[in-house]
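Work through the exercises below with the model open beside you. Try each task before you read its solution.

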Amino acid sequence: MKIAVYPGSFDPITYGHLDIIQRGAKVFDKIIVATLLNSSKNPLFTTEERTEMIRESVKGIQGCEIEVDSFDGLLVDYVKKRKANVILRGLRAISDFEYELQIASVNRIVSDEVETLFFMSNNKHSFISSSMVKELARYGAETKELVPDHVAKMLHMKYGIQKTR
Ligand code: ADP
């Protein structure tokens, strides 16, 4: 069974992340979307909120088993514990490359049994980032092109903004 772990902050999940999961679904038997606990990034959403939003978002994806989980500690340890073979990551632009290369290289030093596989983002979604989505939502702008409706609602609730447009 080909199992991939797709780790990230997913604060919140966007159509960019979902695009990577959909592509992965064509290649893997199972994808474990894993939210990082205790991220130093100081997330807007709690782990429970982030995992719940992912669960709701991946409901329609077919052709592959998708599990949503969260993890703490070293990613490679989690990957081995879950008996996965691959870390799945997305590449949006050249700007992602250096950061992703660094993580992949460190993970390889920690364990050479786990491979990192990169999927190139669809052009349509390559500009989307969770931080950009949060910035827009903070000022009451429309985010429905960037995130599923239920995520847009959560963003509006978080920022206490009534939908104006
Ligand atoms: P992290 O904090 O680990 O970078 P993110 O939630 O920001 O977590 O992203 C998780 C993964 O998804 C990363 O590999 C990131 O490059 C990728 N990703 C994020 N947004 C997009 C997008 N719009 N298109 C493709 N990949 C993306």
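Residues are sorted by relative accessible area: buried means under 20%, exposed over 50%, and partly exposed in between (1.4 Å probe, protein chains only). The model is predicted, so local features need pLDDT of at least 70, side-chain atom pairs count only at pLDDT 80 or more, and totals for chains, interfaces and linings use all residues. Numbering starts from 1 along each chain as its sequence is written, and side-chain values use heavy atoms, with hydrogens and water left out.

**Exercise 1. Place Arg138.**
Task: Is Arg138 buried, partly exposed or exposed? Find its helix and its side-chain partner.

Solution.
Step 1. Take the accessibility. Arg138 has 38% relative accessibility, so it counts as partly exposed.
Step 2. Locate the residue. Arg138 belongs to helix α5, residues 130–138. Helices here are DSSP runs (H or I, at least four residues), strands likewise (E, at least two), and both are numbered from the N terminus.
Step 3. Look for a polar contact. The term means a pair of N or O atoms within 3.5 Å; within protein, one must be able to donate a hydrogen and the other to accept it, and residues adjacent in sequence count only if both atoms are side-chain atoms. The side chains of Arg138 and Glu135 make such a contact at 3.2 Å.
Step 4. Check a distance. Asn122 is 16 residues away along the chain, and its C-alpha atom is separated from that of Arg138 by 26 Å.

**Exercise 2. Follow Ser130 to the loop.**
Task: Which backbone oxygen does the side chain of Ser130 reach? Then describe the loop between β1 and α1.

Solution.
Step 1. Ser130 is also in helix α5. Its relative accessible area is 14%, so Ser130 is buried.
Step 2. The Ser130 side chain reaches the backbone oxygen of Pro12 at 2.8 Å.
Step 3. Pro12 sits in the loop between β1 and α1. The peptide bond joining Asp11 and Pro12 is cis, with omega about 0°.
Step 4. Phe10 is found in that loop too. Phe10 has a positive phi, near 45°, and is a residue other than glycine. Phe10 is buried at 2% relative accessible area.
Step 5. Compare Lys83, in the loop between α3 (75–81) and β4. Phi of Lys83 is positive as well, near 55°. Lys83 counts as exposed, at 65% relative accessibility.

**Exercise 3. Classify the ring pairs.**
Task: How many aromatic pairs does a search of the whole structure find? Assign a geometry to each.

Solution.
Step 1. Set the rule. Rings of Phe, Tyr and Trp (its six-membered ring) pair if their centres lie within 6.5 Å; planes under 30 degrees apart count as stacked, over 60 as edge-to-face and the rest as tilted.
Step 2. The search finds two pairs.
Step 3. Tyr6 and Phe10 are 5.2 Å apart centre to centre, with 75° between the planes, and the pair is edge-to-face. Both residues are buried.
Step 4. Phe71 and Tyr78 have centres 4.9 Å apart and planes at 25°, so this pair is stacked. Phe71 is buried at 5%, and Tyr78 is buried at 5%.

**Exercise 4. Map the ligand site.**
Task: How many residues surround the ligand? Which atoms of Arg89, Gly90 and Arg92 lie by its oxygen and nitrogen atoms?

Solution.
Step 1. Count the shell, taking residues with a heavy atom within 4 Å of the ligand. There are 18, and the closest are Tyr6, Ser9, Lys41, Gly90 and Ile128.
Step 2. Assign the shell to elements. β1 (3–8), α1 (15–25), β4 (86–91) and α4 (94–110) each supply at least two residues.
Step 3. List the N and O distances. A side-chain N or O atom of Arg89 is 3.0 Å from a ligand oxygen. A backbone N or O atom of Gly90 is 2.7 Å from a ligand oxygen. A side-chain N or O atom of Arg92 is 3.3 Å from a ligand nitrogen.
Step 4. Take the cover. The ligand has 550 Å² of accessible area on its own (Shrake-Rupley method, 1.4 Å probe), and the protein covers 93% of that area.

**Exercise 5. Examine α1.**
Task: Why is α1 described as largely enclosed by the rest of the structure? Find its N-terminal cap.

Solution.
Step 1. Eight of the eleven residues of α1 are buried, so the helix is largely enclosed.
Step 2. Among them are Leu18, Ile20, Ile21 and Ala25.
Step 3. Thr14 caps the N-terminal end, with a side-chain oxygen 3.1 Å from the backbone nitrogen of Gly16.

Conventions
Near = heavy atom within 4 Å.
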